[in-house]
Number of protein chains: 2
Amino acid sequence: MPRASTTSDAFNAVAEPRRRDILSFLVTQERPVNDIVATLNLPQPSVSKHLRVLLEVGLVDVRREGRQMFYRTNAAAIRPLHEWTGTFERYWAHQLARVKERAEASEKPNRFPNSSPLKEKP
Amino acid sequence: MPRASTTSDAFNAVAEPRRRDILSFLVTQERPVNDIVATLNLPQPSVSKHLRVLLEVGLVDVRREGRQMFYRTNAAAIRPLHEWTGTFERYWAHQLARVKERAEASEKPNRFPNSSPLKEKP
DNA sequence: TTGACATATTCCTGTATGGGAATATAATCC
DNA sequence: GGATTATATTCCCATACAGGAATATGTCAA
């Protein structure tokens, strides 16, 4: 099985940077496609395709007005992501506390403590 | 260009449900790979591959102890996702307020207001 | 050394991309 | 109707998966 479809859920849809840009742009007010194209400086077909994905997972809503399609971010659909990531909040707080402790306990050693356990290609 | 690599950033790495499960499991304490295999009921090679991805984007740390590799979620690496999704918080709050207003203003109409503007295949 | 255990890597394959180019659909205006 | 504007879809292609199976690497113990 390949990677899950981008339309399978908000997590996958949001993995694409351009789609995140679009969501940020559309959150303050609805906009016609051409505004997105002009502002984000992307090819129009590309924008339409991204909007399709966002629409399918419910991250944007649309409204037609004449020839124009006004898209708008459906912020509520982002909430589950915020909540899932939020379940880790207390842990990064703990980590920060620990890091702080160690930093205060000893002055200036360990400037590069995180060497990767992965093998380096020689 | 195909989809961005899963190792390109935390957003892509986290798009995979199994990887989210692993992160949740590893956040309370470090665990050897076998614990993940047993608890999440996944094939061992699959777990190793997912851990590789998570390690490359910094979502987990490792420590070797004899033959075992102890992995642990690096919660701090999830923080950027929480913050990005958090930029939408005020907007879903607004949406909720608007929805609430409408709900209170009129009793019980509009039970299915969100018909999709996409064409249905006949 | 040999064997057992723990984990990682490789090879294969079907599938879903995202970008570019071209084209199609839809609505408006003359 | 025909032309124009706005948006969507289709086709092609290179690429990166995730899963399964098999195998490799690494570490300890006898």
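Q: What makes up the surface near DNA strand D, by class?
A: This is a predicted model. The surface near DNA strand D has ten nonpolar, nine polar and seven charged residues. Asp, Glu, Lys and Arg count as charged, so the seven residues are drawn from those types.

Q: Which residues are closest to DNA strand D, and what makes a residue count as near?
A: The closest are A:Pro32, A:Asn34, A:Pro45, B:Pro2 and B:Thr6. They belong to 26 residues that surround the strand. The C-beta atom must lie within 6 Å, so each of the 26 residues meets that cut-off.

Q: Which elements supply the surface near DNA strand D?
A: Helix 3 (33-40), helix 4 (44-56) and strand 3 (68-73) of chain A, with helix 4 (44-56) of chain B, each supply at least two residues. Helix 4 of chain A gives the most, six residues.

Q: Which residues come nearest to DNA strand C?
A: A:Pro2, A:Thr6, B:Pro32, B:Asn34 and B:Pro45 come nearest, out of 26 residues around DNA strand C. Helix 4 of chain B gives the most to the surface near this strand, with six residues. By class, the surface near DNA strand C divides into ten nonpolar, nine polar and seven charged residues.

Q: How do helix 3 and helix 4 of chain A pack, and at what angle?
A: The angle is about 120 degrees, and the axes are 9 Å apart. The crossing of helix 3 of chain A past helix 4 of chain A is right-handed. Helix 3 of chain A brings A:Val33, A:Ile36 and A:Val37 to the contact, while helix 4 of chain A brings A:Gln44, A:Val47, A:Ser48 and A:Leu51.

Q: Why do two residues in the contact of helix 3 with helix 4 of chain A count as polar?
A: The contact has five nonpolar, two polar and no charged residues. A:Gln44 and A:Ser48 are on neither the nonpolar nor the charged list, so they are the polar ones.

Q: How many residues of chain A are in contact with chain B?
A: 25 residues of chain A touch 25 residues of chain B. Helix 5 of chain A has the largest share of chain A's side, five residues. That side divides into 15 nonpolar, five polar and five charged residues.

Q: Why do the residues of the largest nonpolar core count as buried?
A: The core has 45 residues, among them A:Ala10, A:Leu54 and A:Leu59. A nonpolar core is a set of buried residues, so its members have 20 or more other C-beta atoms within 10 Å.

Definitions and conventions. Residues are numbered from 1 along each chain as its sequence is written. Chains are lettered from A and ligands numbered from 1 in the order in which they are written. This is a predicted model: local features need pLDDT of at least 70, side-chain atom pairs count only at pLDDT 80 or more; totals for chains, interfaces and linings use all residues. Helices (H or I, at least four residues) and strands (E, at least two) are DSSP runs, numbered from the N terminus. Axes are lines fitted to C-alpha atoms, for helices over the stretch in contact, and angles run from 0 to 180 degrees between N-to-C directions. A crossing is left-handed if the near helix is turned anticlockwise from the far one by less than a right angle, and right-handed if clockwise. Two residues are in contact if their C-beta atoms, placed from the backbone, lie within 7 Å. A nonpolar core is a set of buried Ala, Val, Leu, Ile, Met, Phe, Trp, Tyr and Cys residues joined through C-beta atoms within 7 Å. A residue is buried if 20 or more other C-beta atoms lie within 10 Å of its own, exposed if 12 or fewer, and partly exposed in between; C-beta atoms are placed from the backbone.
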